[in-house]
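Me: I should like to learn how to read the burial of residues along a helix. Please begin with the structure itself.

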Amino acid sequence: MGSGISQEAKEAYRELLEVIMAGEAVEMIENTNTGSTAYCVPRAWKSTYLSTNKDVGKTMRILCYGEKSSLRSDIERLKSKYIDNPQRLEQEIKKRNTKHKKELNRIAHIIAYIHYKETNEFLKEIPVSRGHSYFYMDARKRDASRSKPYWSTSYELCVRAFEAYIQDKLQDSGRNNDYLVCGTRPGTKNKGRTLAERCMPPFDYPYPLDEERVRINHAFDKFFETLRGNFFTCEMDSYSTGLEDRKKQCMIVPSTTVCFNQEVQFHFDDAGQGVLFL
């Protein structure tokens with residue numbers, strides 16, 4: 001976001017992005033243990049596996065949830081520790097996320113090992129929930145064949161989620177505007193497919209779906225409510241030249257000037273009301 005945006009606005013945006021990217025999507029990872037590797041099995045993990053009647057999927061959901069809770073606690077601790085050092089905070093969170101990914105892989109392989117010892121069934125793939133939304137996971141799969149990310153970048157995720165939000169808001173008010181937004185609902189290839197199945201080829205629907213869409217729409221409501229409550233107080237600076245020299249309101253905290261760049265744009269309606277596009 002632009003340098004002229006307040007810390008409160010940035011935090012609201014980060015919370016929105018977290019809702020967009022976070023979820024309970026399950027992906028299958030390859031079991032690379034061909035049987036030659038023996039693991040030291042934590043007693044609690046085996047007890048969890050047995051308590052689910054040897055159901056690998058349920059076991060993984062329980063253990064992944066525990067690891068994700070640990071991750072969230074660690075990140076909150078890091079935020080407090082590096083509150084005055086955003087650059088160091090970003091580095092430490094990145095390290096913790098890398099550790100989290102490795103730990104989930106370790107959990108998956110140990111549970112597959114337990115399952116093999118108990119049932120003599122070798123699992124070629126193991127279900128893992130990394131805490132991503134299906135919307136985000138679908139975007140990452142779309143980017144798999146690209147030289148650099150596009151679909152899964154934060155701004156593209158927000159753009160597509162916002163399109164879906166606007167179309168739903170229009171529909172809720174009994175309106176329709178194909179010029180403004182259209183095509184954010186499932187195509188014919190996705191009819192009847194589950195949320196997980198829609199993250200597999202054929203891809204034809206890069207927008208939020210079902211319960212994730214509802215959750216993200218609520219997050220946008222909260223985001224805009226935060227902006228309305230805190231940021232409609234400053235005047236446009238010299239960039240307002242040509243806009244009839246009227247005082248314009250915009251979603252920026254008091255005493256800050258508007259910084260026009262590729263990340264922040266403003267649109268003014270007929271009443272002169274400022275609307276912020278991030």
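Reply: Consider helix α6 of this predicted model, in which Glu156, Leu157, Cys158, Arg160, Ala161, Ala164, Tyr165, Gln167, Asp168 and Leu170 are buried.

Me: Which general idea helps in reading such a list?

Reply: An α-helix makes a turn every 3.6 residues, so positions three or four places apart point the same way. In α6, the buried residues include Leu157, Ala161, Ala164 and Asp168.

Me: How many residues has helix α6, and how far does it reach from its first C-alpha to its last?

Reply: Helix α6 comprises 19 residues, 154-172, and reaches 27 Å between those end atoms, close to the 27 Å expected at 1.5 Å a residue. Gly174 follows α6 with a positive phi, near 75°.

Me: How is a single loop residue to be read? Is Thr52 buried or exposed?

Reply: The cut-off for burial is a relative accessibility under 20%. Thr52 counts as buried because its value is 11%. Thr52 belongs to the loop that links α2 (43-51) and α3 (56-81).

Me: Which residues does Thr52 touch, apart from those up to four places away in sequence?

Reply: With those neighbours set aside, Thr52 touches Lys58, Thr59 and Ile62. In addition, the Thr52 side chain reaches the backbone oxygen of Tyr49 at 2.7 Å.

Me: What should be said of the chain as a whole?

Reply: The chain contains seven helices and four strands, arranged along the sequence as α-β-α-α-α-β-α-α-α-β-β. Of its 278 residues, 41% count as buried. The chain exposes about 16800 Å², of which carbon and sulfur atoms supply 50%.

Technical notes: Residues are numbered from 1 along each chain as its sequence is written. This is a predicted model: local features need pLDDT of at least 70, side-chain atom pairs count only at pLDDT 80 or more; totals for chains, interfaces and linings use all residues. Side-chain values use heavy atoms; hydrogens and water are left out. Helices (H or I, at least four residues) and strands (E, at least two) are DSSP runs, numbered from the N terminus. Buried means under 20% relative accessible area, exposed over 50%, partly exposed in between (1.4 Å probe, protein chains only). A polar contact is a pair of N or O atoms within 3.5 Å; within protein, one must be able to donate a hydrogen and the other to accept it, and residues adjacent in sequence count only if both atoms are side-chain atoms. Contact means heavy atoms within 4.5 Å. Accessible areas come from the Shrake-Rupley method with a 1.4 Å probe; for residues, only the protein chains shown count as cover. The expected span of a helix is 1.5 Å times one less than its number of residues.
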